[in-house]
Amino acid sequence: MGAPDIGGVSSGAVDSDSTGLVTGELDDISGNFWGDTWSIQSGATYGSASIDPSTGLWSYDLDETNAAVQALDPGDTLTDTFVVRLSDGGGSDTQTVTITITGVPCFVAGTLIETATGPRPVESIRPGDLIMTRDNALQQVRWVGQRTVHADALAAEERLRPIRIRKGALGGGLPRNDMLLSRQHRLLVSGDRVQQICGYDEVFLPALRFLDWPGVDLVGPGGPVSYHHLLFDRHQVIIAEGTPSESLLLAEEARNRLPLRALTEINALFPGPEARRILANPARPIPSPQLQKRIVEHGPAQDSFNAPDNPPAPPLRHGIF
């Protein structure tokens with residue numbers, strides 16, 4: 001008998017908004033009689049990996065808040081790996097486990113964004129247009145991005161489909177119309193529950209967190225779906241269908257995953273490390289996945305999701321989340 005030999009499941013897949021574990025089981029296929037001991041030799045980059053030391057059952061927990069994960073566009077993929085070690089009386093063997101992460105971010109065409117001239121569909125907005133922001137009044141759009149996901153991809157991959165938040169589902173009459181967002185696109189929430197759980201007055205939560213609420217559902221497989229990004233001089237809270245939401249948050253990893261043409265355009269607009277640092281800084285805190293779940297677990301409530309204390313100038317008004 002010689003060293004152990006690892007077989008079994010050494011790959012997995014997860015979408016960027018996943019809240020569950022990816023699991024698989026490795027086996028010692030050497031036929032050795034010694035007892036096996038399994039361990040993680042080197043950990044994952046975009047999540048955390050663990051393994052049962054006696055059975056070889058491994059688990060991978062994606063970190064949804066990682067900037068590289070959040071930067072993924074619909075259909076884009078990111079690969080993570082970790083290395084498992086198996087030891088017994090005859091020696092040891094290692095196996096790399098590969099996890100494929102698929103991305104899903106932004107506004108869907110038709111979403112009305114509050115601008116200097118009133119609500120406009122997101123797909124009609126161009127660089128130079130003035131958009132109403134929560135913190136800085138009217139701000140100029142510097143860059144817009146668009147990506148289309150076609151019907152065949154939507155039928156094959158449920159995670160590419162947008163989330164529909166029906167009119168009034170967030171409370172206080174918001175959103176003002178049915179709103180479609182990618183699953184990771186974030187909304188601004190505030191109130192007593194946010195303060196108690198996170199210690200902040202306002203935080204960003206991704207749309208997927210509201211899926212258990214009445215009036216929030218996953219759109220069917222029809223298509224195509226056109227996703228749109230709006231980039232400003234810094235991350236902004238903007239108003240979509242009357243609801244405080246976010247502009248594109250451009251972390252360094254997002255730059256590395258943009259198409260070359262888009263990256264060239266953005267680098268010309270925002271040269272230098274200081275500009276990049278500003279673009280990567282979120283306008284509000286983004287809680288950990290565990291805290292996000294606690295915030296939304298009881299659904300909308302008037303004493304939990306309140307209107308911001310300092311709403312932008314009329315005609316904008318915010319109801320209760």
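Buried means under 20% relative accessible area. Tryptophan 58 has a relative accessible area of 0%, so this residue is buried. The model is predicted.

## Confidence

The chain has a mean pLDDT of 83. Of its residues, 83% reach 70 or more. One stretch needs caution: over residues 302-321, pLDDT stays under 50. For that stretch the model has 64 contacts beyond four places in sequence.

## An open sheet

Four strands form an open sheet in the order S1-S3-S6-S5. Their pairing is antiparallel. The edges are S1 (6-8) and S5, each of which pairs on one side only. On average, neighbouring strands are turned by 30° against each other, direction ignored.

Strands of a sheet pair through backbone hydrogen bonds, either parallel or antiparallel. The table gives the pairs of this sheet, with one set of opposed residues for each.

| Strand pair | Bridges | Direction | Partners |
|---|---|---|---|
| S1 and S3 | 3 bridges | antiparallel | Isoleucine 6 and aspartate 28 |
| S3 and S6 | 4 bridges | antiparallel | Valine 22 and tyrosine 60 |
| S5 and S6 | 5 bridges | antiparallel | Glycine 47 and leucine 62 |

S3 covers residues 22-28 and S6 covers residues 57-62. S5 runs over residues 47-51. S5 and S6 form a hairpin with 5 residues between the strands. In this hairpin, glycine 56 takes a positive phi near 85°.

## Aromatic pairs

A pair of aromatic rings is described by the distance of the centres and the angle of the planes. The model has 3 aromatic pairs. One of them joins tryptophan 58 and phenylalanine 82. Their rings are edge-to-face, 5.7 Å centre to centre, with 70° between the planes. What does this pair tie together? Tryptophan 58 lies in strand S6 and phenylalanine 82 in strand S7 (residues 77-88), so the pair links parts that are 24 residues apart in sequence. Phenylalanine 82 is buried, with a relative accessible area of 1%.

Another pair is formed by phenylalanine 210 and tryptophan 213. This pair is also edge-to-face, at 4.9 Å centre to centre and 85° between the planes. Phenylalanine 210 and tryptophan 213 are both buried.

Trp58, Tyr60 and Phe82 make up one aromatic cluster. Tyrosine 60 also stands opposite valine 22 in the pairing of S3 with S6.

## Nonpolar cores

In soluble globular proteins, nonpolar side chains tend to be buried together. Here the largest nonpolar core has 30 residues. Ile113, Ile165, Phe210 and Ile295 have the most contacts inside this core. Several elements each supply at least two of its residues. They are strands S15 (163-165), S16 (179-181), S17 (186-190), S18 (202-206) and S21 (237-240), with helices H3 (192-198) and H7 (289-296). Which element gives the largest share? H3 does, with 3 residues.

Another core, of 20 residues, lies apart from the largest one. Among its members are Ile6, Val22, Trp38 and Leu62.

Phenylalanine 210 belongs to the largest core. Which residues is phenylalanine 210 in contact with, leaving aside its neighbours within four places in sequence? They are Leu170, Leu187, Val189, Leu205, Val216 and Val296.

## Backbone exceptions

Most residues other than glycine have a negative phi, and most peptide bonds are trans. Some sites in this model depart from that pattern.

The peptide bond from leucine 174 to proline 175 is cis, with omega near -5°. Proline 175 sits in the loop between S15 and S16.

Alanine 137 has a positive phi, near 55°. Its loop runs between strand S12 (130-132) and strand S13 (138-140). Alanine 137 is partly exposed, at 45% relative accessible area.

Glutamate 241 has a positive phi as well, near 50°. This residue is in the loop between S21 and strand S22 (243-246). Is glutamate 241 buried or exposed? Glutamate 241 is buried, with a relative accessible area of 6%.

Key. Residues are numbered from 1 along each chain as its sequence is written. This is a predicted model: local features need pLDDT of at least 70, side-chain atom pairs count only at pLDDT 80 or more; totals for chains, interfaces and linings use all residues. Side-chain values use heavy atoms; hydrogens and water are left out. A nonpolar core is a set of buried Ala, Val, Leu, Ile, Met, Phe, Trp, Tyr and Cys residues joined through side-chain atoms within 4.5 Å. Buried means under 20% relative accessible area, exposed over 50%, partly exposed in between (1.4 Å probe, protein chains only). Contact means heavy atoms within 4.5 Å. Two strands pair if DSSP finds at least two bridges between them. Axes are lines fitted to C-alpha atoms, for helices over the stretch in contact, and angles run from 0 to 180 degrees between N-to-C directions. Rings of Phe, Tyr and Trp (its six-membered ring) pair if their centres lie within 6.5 Å; planes under 30 degrees apart count as stacked, over 60 as edge-to-face and the rest as tilted. pLDDT is the predictor's confidence in each residue, from 0 to 100.
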